[in-house]
Amino acid sequence: MERLWTGSRINKNKKMVEHLQSSGVIRSKKVAEVMETIDRALFVPEDASPYMDSPMQIGYNATISAPHMHATCLELLENHLKPGMHSLDVGSGTGYLTACFAIMVGPEGRAVGVEHIPELVESSLQNVQKSAAAPLLKAGSLVLHTGDGRLGWPEHSPYDAIHVGAAAPEIPQALIDQLKPGGRLVIPVGNIFQDLQVVDKNPDGSVSIRSETSVRYVPLTSREAQLRG
């Protein structure tokens, strides 16, 4: 998807959300509310233009996705992020989407972020503490862990919603295993050419997979491979 706008005109989080609504990316009132509640500026490097519709480098060969991709993933997962549900964000990076998930599932739910770069986990905790999701972090319904997200996070499984923020060569079996029947996994899959795939687990445990759109993400790899670039 092309960038929907450049940053100079959009200088407030609410304006960013309104633009995503007017361009048809955000159709859900709930997604709009959540993206207004969690200010993207708290989750990007200080010298960045936070509301520009572009992915941004966050260090360690990692990026934060463009706002339209966050909105797309929230729209795809909205019905699996209802109050009390469990969510997993693999490659949680700056913590932005994990914080959005936490607001949606609320204090009775659980939003788990897994990131394999310890320094990013540390900074993401600081980001969340400045945001509207801070009370959920303090209460323990939002947690951010250091680990290999390709293995999921079994402790709080099964999950109603799983999001992966980096492209896998194939869908990790551990993530399918940790998906609740009726749950949904959204994951970019591919190497040079990538598709955002939507994986729904049926009540009998089988899965249905469809491609939503063509995307370009950094690869889902080991910590060592990522740091090598």
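Hi everyone, let me start with one residue, Met35. Setting aside neighbours within four places in sequence, Met35 touches Asn13, Met16, Val17, Leu20, Ile26, Pro67, Ala71, Leu74 and Tyr96. Before going on, please keep in mind that this is a predicted model.

So where does Met35 sit in the bigger picture? The largest nonpolar core has 49 residues, and the two that touch the most other members are Met35 and Leu74. Helix H4 gives this core its largest share, eight residues. There is also a second, separate core of 20 residues, with Val114, Tyr159, Val164 and Ile176 among them. As a general reminder, nonpolar side chains in soluble globular proteins tend to be buried together.

Let's stay with H4, then. How many of the ten residues of H4 are buried? Nine are, so the helix is largely enclosed by the rest of the structure. If you'd like to find them on the screen, the buried ones are Tyr96, Leu97, Thr98, Ala99, Cys100, Phe101, Ala102, Met104 and Val105. Just after H4 comes Gly106, and its phi is positive, near 75 degrees.

Now for a partner of H4. Two packed helices are described by the angle between their axes and the distance between the axes. For helix H3, residues 67-77, and helix H4, residues 96-105, the axes come within 11 Å and cross at roughly 30 degrees. The crossing of H3 past H4 is right-handed. Which residues make this contact? On the H3 side you have His70, Leu74 and Leu77, and on the H4 side Tyr96, Leu97, Cys100, Phe101 and Met104. Sorted by type, the contact holds seven nonpolar residues, one polar and no charged. Leu74 is worth a second look: this H3 residue in the contact with H4 is also in contact with Met35.

Last stop, Tyr96. The model has one aromatic pair, and Tyr96 forms it with Phe43. Their rings are edge-to-face, 5.6 Å centre to centre, with 80 degrees between the planes. What does this pair tie together? Phe43 lies in the loop between helix H2 (29-37) and strand E1 (56-59), while Tyr96 is in helix H4, so the pair ties together parts that are 53 residues apart in sequence. Are the two partners buried or exposed? Phe43 is buried, at a relative accessible area of 1%, and Tyr96 is buried too, with 1% relative accessibility.

And that brings us back to the start, since Tyr96 is one of the residues in contact with Met35. Thanks for listening, everyone!

Terms used. Residues numbered from 1 in each chain as written. Predicted model: local features only at pLDDT ≥ 70, side-chain atom pairs only at ≥ 80, totals over all residues. Heavy atoms only, no water. Axes fitted to C-alpha atoms, helices over the stretch in contact; angles between N-to-C directions. Helix = DSSP H or I, 4+ residues; strand = E, 2+ residues; numbered from the N terminus. Left-handed = near helix turned anticlockwise from the far one by under 90°. Contact = heavy atoms within 4.5 Å. Nonpolar A, V, L, I, M, F, W, Y, C, P; charged D, E, K, R; others polar. Phe/Tyr/Trp six-rings, centres within 6.5 Å; stacked < 30°, edge-to-face > 60°. Buried < 20%, exposed > 50% of the residue type's maximum accessible area, 1.4 Å probe, protein only. Core = buried A, V, L, I, M, F, W, Y, C linked by side-chain atoms within 4.5 Å.
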